[in-house]
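Take a moment to turn the structure before reading on. We will begin with one helix and work outward from there.

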Amino acid sequence: MRRNAWILGLLAIVVAIMLTVPRFLKPRHTGGLTSQEAVGKTAPDFQLKDINGKMVKLSDFRGKAVVLNFWATWCPPCKVEIPWFEDLQQRYGSQGLQVVGVALDDSSDAEIAKFAQDMKMNYPVLLGKEETSDLYGGVEALPTTFYIDRNGKIITSVPGLVDRKEIEDNVVKALNTKTEAASSRPTPAPKQEGAQ
């Protein structure tokens with residue numbers, strides 16, 4: 001009887017350590033780009049399931065300006081900026097903007113889908129994985145947003161909540177990039193007189 005109590009006490013201590021220690025550890029960096037290193041680089045591609053079960057690749061949106069927003073259902077600042085992203089998607093979608101939300105959440109897929117429905121999220125909501133976060137430097141804070149130009153290059157990353165104007169300014173900056181294919185086309189030579 002006394003031995004069982006000792007074993008149960010030891011198990012309780014081990015479980016308590018397993019639950020609390022990770023909160024105090026510095027987020028690991030697993031070889032992906034840090035937020036600062038990412039700027040100017042091609043956004044790492046990934047494939048994730050969306051809340052409807054469809055597989056979506058980031059590269060599916062090549063040619064568009066992409067706002068890649070990492071968020072979670074439990075994150076109050078995320079709830080503040082989600083309506084801003086919905087409005088920006090509505091306003092700039094026809095100009096080539098695509099907002100993509102990646103949920104880094106411990107909630108079930110069904111709970112994330114219900115949250116997205118309740119928030120009326122009008123853009124793809126993907127079910128994120130730790131590996132996806134690692135590709136972007138471990139995403140040390142939520143929300144974290146990467147702004148990707150039409151060529152798939154990261155133009156800036158923003159950890160935490162910022163005001164709506166800063167978000168919109170980054171959206172416009174991403175939209176105003178020209179695709180490399182368009183900018184590398186040769187300029188037509190001027191017609192010479194007498195040429196047909």
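The buried residues of helix α3 pack against β3, β4, α4, β6 (144-148) and α6 (164-175). Which residues of α3 are buried? They are C78, E81, I82, F85, E86, L88, Q89 and Y92. The helix itself has 17 residues. From its first C-alpha to its last it reaches 25 Å, close to the 24 Å expected at 1.5 Å a residue. Keep in mind that this is a predicted model.

Now look at K79, which is also found in α3. Is K79 buried or exposed? The answer lies in between: its relative accessibility is 37%, so K79 counts as partly exposed. Leaving out residues up to four places away in sequence, K79 touches T73, F115 and M119. Its C-alpha atom is separated by 9.4 Å from that of P143, although the two positions lie 64 residues apart along the chain.

One of the partners of K79 is F115. That residue takes us to helix α4, residues 109-118, where I112, F115 and A116 are buried. Why do these three sit on the same side of α4? They cover an arc of only 95 degrees around the axis, which puts them on the same side. A general rule helps here. An α-helix has 3.6 residues a turn, so residues three or four places apart point the same way. On the other side of α4, A110 and Q117 are exposed. What covers the buried residues of α4? The cover includes β3 (65-71), α3 (76-92), β4 (97-103) and β5 (125-127). After α4 comes K120, whose phi is positive, near 60 degrees.

Next, turn to the nonpolar cores. The largest has 28 residues. Inside it, W71, L97, M121, Y147 and V171 have the most contacts. Two or more residues of this core come from each of β3, α3, β4, α4, β5, β7 (154-159) and α6. Helix α3 gives the most, with five residues. A second, separate core has 19 residues, including V56, V102, L126 and I154.

V171 shows how distant parts of the sequence meet. Neighbours within four places aside, V171 is in contact with V67, L88, Y92, L97 and Y147. Of these, L88 and Y92 are among the buried residues of α3. Another residue to find is T156, in strand β7. T156 counts as buried because its relative accessibility is 18%, and the cut-off for buried is under 20%. It touches V39, T145, F146, Y147 and N170, again not counting residues up to four places away in sequence.

Step back to the whole chain. It holds seven helices and seven strands. From the N terminus on, they run α-α-β-β-β-α-β-α-β-α-β-β-α-α. Of the 196 residues, 40% are buried. Take the contacts between residues at least 6 apart in sequence: 74% of them join residues at least 24 apart. The accessible surface comes to about 12100 Å², and 56% of it belongs to carbon and sulfur atoms.

How far does the predictor trust its own model? The mean pLDDT is 83, and 74% of the residues reach 70 or more. Over residues 13-31, however, pLDDT stays under 50. For that stretch the model has nine contacts beyond four places in sequence. Where pLDDT is low, the predicted coordinates should not be read in detail.

Notes
Residues are numbered from 1 along each chain as its sequence is written. This is a predicted model: local features need pLDDT of at least 70, side-chain atom pairs count only at pLDDT 80 or more; totals for chains, interfaces and linings use all residues. Side-chain values use heavy atoms; hydrogens and water are left out. Buried means under 20% relative accessible area, exposed over 50%, partly exposed in between (1.4 Å probe, protein chains only). Helices (H or I, at least four residues) and strands (E, at least two) are DSSP runs, numbered from the N terminus. The arc is that of the directions from the helix axis to the C-beta atoms. Contact means heavy atoms within 4.5 Å. Accessible areas come from the Shrake-Rupley method with a 1.4 Å probe; for residues, only the protein chains shown count as cover. pLDDT is the predictor's confidence in each residue, from 0 to 100. The expected span of a helix is 1.5 Å times one less than its number of residues. A nonpolar core is a set of buried Ala, Val, Leu, Ile, Met, Phe, Trp, Tyr and Cys residues joined through side-chain atoms within 4.5 Å.
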